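Student: I have a new structure to get to know. Can you walk me through it?
Tutor: Sure, take a look first.

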Amino acid sequence: MRWKLKAKIQNAISVLPSAPSYAAYYWLQRKIGGLKRSKPINRFSAAINIWKKIQEQGIDPAGKVFFEVGTGRIPDLAIAFWLMGAEKIITVDVNPYLKAELIDESIQYIFKNNEAILSLFGSLMNTKRLEELQEFHRIPHFSISGFFDLCRVEYMAPADAADTSLSDQSIDFHTSKTVFEHIPIEVLKLIMEEGNRIIKNNGLFIHSIDYGDHYSYSDKNISRINFLQYSDEEWAKYNSNKYMYMNRLRHDDYINLFESVGHQILKVQEKEKNQPSIDLLNKGGLHLDDKFRSKSIEILTMTGSFIVSQKNNS
C-alpha cells in the first residue's frame with residue numbers, strides 16, 4: 001500500500017471514539033496488515049537477544065523481574081522471558097492493544113513448530129515451563145487470566161510507563177523492542193527517569209530501537225530514510241496518529257537521551273547501515289530537511305540498535 005494512503009487511513013481511524021477506533025484498526029491489521037497470521041519468531045529472537053545481553057554483563061536473568069515498555073498485540077517478549085526463567089514480567093502499554101486470540105495463536109505456533117522453537121532457544125529453554133505451557137494449551141477454552149497467572153505476567157493498559165506506581169527499586173531489567181521510535185522524546189525522557197526510580201541499583205536497561213521509516217516496510221517505493229526529507233510540520237500531517245507515530249530520532253539522539261538521564265552506556269550493538277539509503281544520499285537523491293543535514297551519512301543510514309545502559313548510582 002502506498003504510504004501516504006496508509007497514513008491517511010490511520011489518521012482517519014485515529015480520530016474515531018476509542019472503541020470503534022481500536023476495533024477498526026485491528027480489523028485492518030488482521031485483513032491486510034501484519035496480523036494476518038501469527039509468527040512470533042522475530043519477537044522471541046529479540047527476547048533471547050536481550051537475555052544474552054544481560055548475561056554478557058555477568059548477570060543471570062533467571063528469577064528476575066522484567067519490565068517491558070509497549071506490550072503491543074501479543075506479549076511475545078513476556079512469553080519468551082518466562083520460558084527462559086524470568087520470575088515476573090510487568091508489561092505496560094498506553095494503548096490496550098492486547099488480544100486473547102492472538103496470544104492463543106502465538107502459543108499454537110510454538111507447538112506446531114516445536115523443533116524450530118527448541119532450536120531457537122537452545123539451552124536457554126526451561127523445559128519444565130514449556131511442558132506447563134503445553135498443558136495449559138490443552139485446556140479447551142483459552143483463558144487470558146489463566147495465561148497471565150501461568151506465565152507470571154502483569155499487564156498494565158492503558159497505562160503510563162512514565163508513571164507506573166510501582167515501588168522504588170522493584171524491577172531488575174527495563175526493556176523494549178522497537179517501541180521507543182514511536183514515543184516523543186520528551187515522553188521518552190520521563191519514561192527513562194521513571195525507570196531510574198523503579199529499577200534496582202544494579203539493574204539494566206536493554207532497548208532495541210528501529211531507526212527506519214516504518215512506512216517503507218509496506219511501500220517498497222520509498223527508502224528507509226524517506227521521512228527525513230520532511231520538516232516537523234510537514235511530517236505531522238502524515239504522522240499525527242497513535243497508530244504510526246515516529247519520532248525520527250537518530251542514533252546520536254538516543255545516546256544523548258540516555259546520557260541526559262544519568263546513564264552509563266555499557267554496550268551498543270549497531271544494526272547494519274542501509275546501503276540503498278547510503279547510495280541515495282551520496283547521489284543527492286533525497287533532499288534532507290534542515291534538522292538532519294548536520295548529521296553524518298553513517299548516523300542517518302543506521303537502521304537500528306540494541307542499547308544496554310545502567311543508571312549512575314553516585
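Tutor: One term to start: a contact means heavy atoms within 4.5 Å. Among the contacts in the protein chain with a separation of 6 or more, 78% join residues 24 or more positions apart. Keep in mind that this is a predicted model.

Student: Okay. How many helices and strands are in the protein chain?
Tutor: The protein chain has 13 helices and 7 strands.

Student: And what does the C-alpha trace span along its principal axes?
Tutor: About 55 × 50 × 35 Å. The radius of gyration is 20 Å. A compact globule of 314 residues would have a value near 20 Å, so the two agree.

Student: What share of the residues counts as buried?
Tutor: Of the 314 residues, 51% count as buried.

Student: Let's talk strands. In what order do they sit in the sheet?
Tutor: The order is S3-S2-S1-S4-S5-S7-S6. The sheet is open, and its pairing is mixed.

Student: Which strands stand at the edges?
Tutor: Strand S3 (153-156) and strand S6 (263-270). Each has a single partner strand, so one side of each is left without a neighbour in the sheet.

Student: By how much are neighbouring strands turned against each other?
Tutor: By 15° on average, direction ignored.

Student: Take the S6 end. How does S6 run against S7, parallel or antiparallel?
Tutor: Antiparallel, with 7 bridges joining S6 to S7. One residue to find there is Gln 264, whose bridge partner in S7 is Gln 310.

Student: Which helices pack on the sheet?
Tutor: Helix H9, residues 185-198, is one of them. H9 touches strand S1 (65-69), strand S4 (171-177), S5, S6 and S7. Its direction makes about 150° with that of S5. Helix H11, residues 251-260, also packs on the sheet. H11 touches S5, S6 and S7, and its direction makes about 155° with that of S6.

Student: Now S2. How many residues of S2 are buried?
Tutor: 4 of the 5 residues in S2 (residues 88-92) are buried, so S2 is largely enclosed by the rest of the structure.

Student: In what sense do S1 and S2 pair?
Tutor: In the parallel sense, over 5 bridges. Val 69 stands opposite Val 92 in S2.

Student: Through which helix does the chain cross from S1 to S2?
Tutor: Through H4, and this β-α-β crossover is right-handed.

Student: And how many bridges are there between S2 and S3?
Tutor: S2 and S3 pair over 4 bridges, in the parallel sense. Val 92 turns up again here, opposite Met 156 in S3.

Student: Back to H4. How many of its residues are buried?
Tutor: 8 of its 8 residues, so to speak of H4 as mostly covered is fair. Among the buried residues are Asp 76, Phe 81, Trp 82 and Leu 83.

Student: What follows H4?
Tutor: Gly 85, with a positive phi near 115°.

Student: Which residues touch the most other members of the largest nonpolar core?
Tutor: Phe 81, Leu 83, Met 84, Ile 110, Phe 121 and Leu 133. The core has 44 residues. Elements giving two or more residues to this core include helix H3 (41-56), helix H5 (100-112) and strand S7 (304-311). H4 gives the most, with 7 residues.

Student: What does Leu 83 touch?
Tutor: Leaving out residues up to four places away in sequence, its contacts include Ile 110, Phe 121, Arg 129 and Leu 133. Another core, of 30 residues, lies apart from the largest one. Val 179, Phe 180 and Met 302 are among its residues.

Student: Switching to loops. Where is the peptide bond that is cis?
Tutor: From Ala 157 to Pro 158, with omega near -10°. Pro 158 lies in the loop between S3 and S4.

Student: What about Ser 165, buried or exposed?
Tutor: Exposed, with a relative accessible area of 67%. Ser 165 is in the loop between S3 and S4. Its phi is positive, about 65°, although Ser 165 is not a glycine.

Student: And where is Gln 169 found?
Tutor: In the loop between S3 and S4. Its phi is positive too, near 50°. Gln 169 is partly exposed, with a relative accessible area of 41%.

Technical notes:
Residues numbered from 1 in each chain as written. Predicted model: local features only at pLDDT ≥ 70, side-chain atom pairs only at ≥ 80, totals over all residues. Heavy atoms only, no water. Core = buried A, V, L, I, M, F, W, Y, C linked by side-chain atoms within 4.5 Å. Buried < 20%, exposed > 50% of the residue type's maximum accessible area, 1.4 Å probe, protein only. Pairing = 2+ DSSP bridges. Axes fitted to C-alpha atoms, helices over the stretch in contact; angles between N-to-C directions. Right-handed = clockwise from strand over helix to strand, strands pointing away. Rg over C-alpha atoms; globule rule 2.2 N^0.38 Å.
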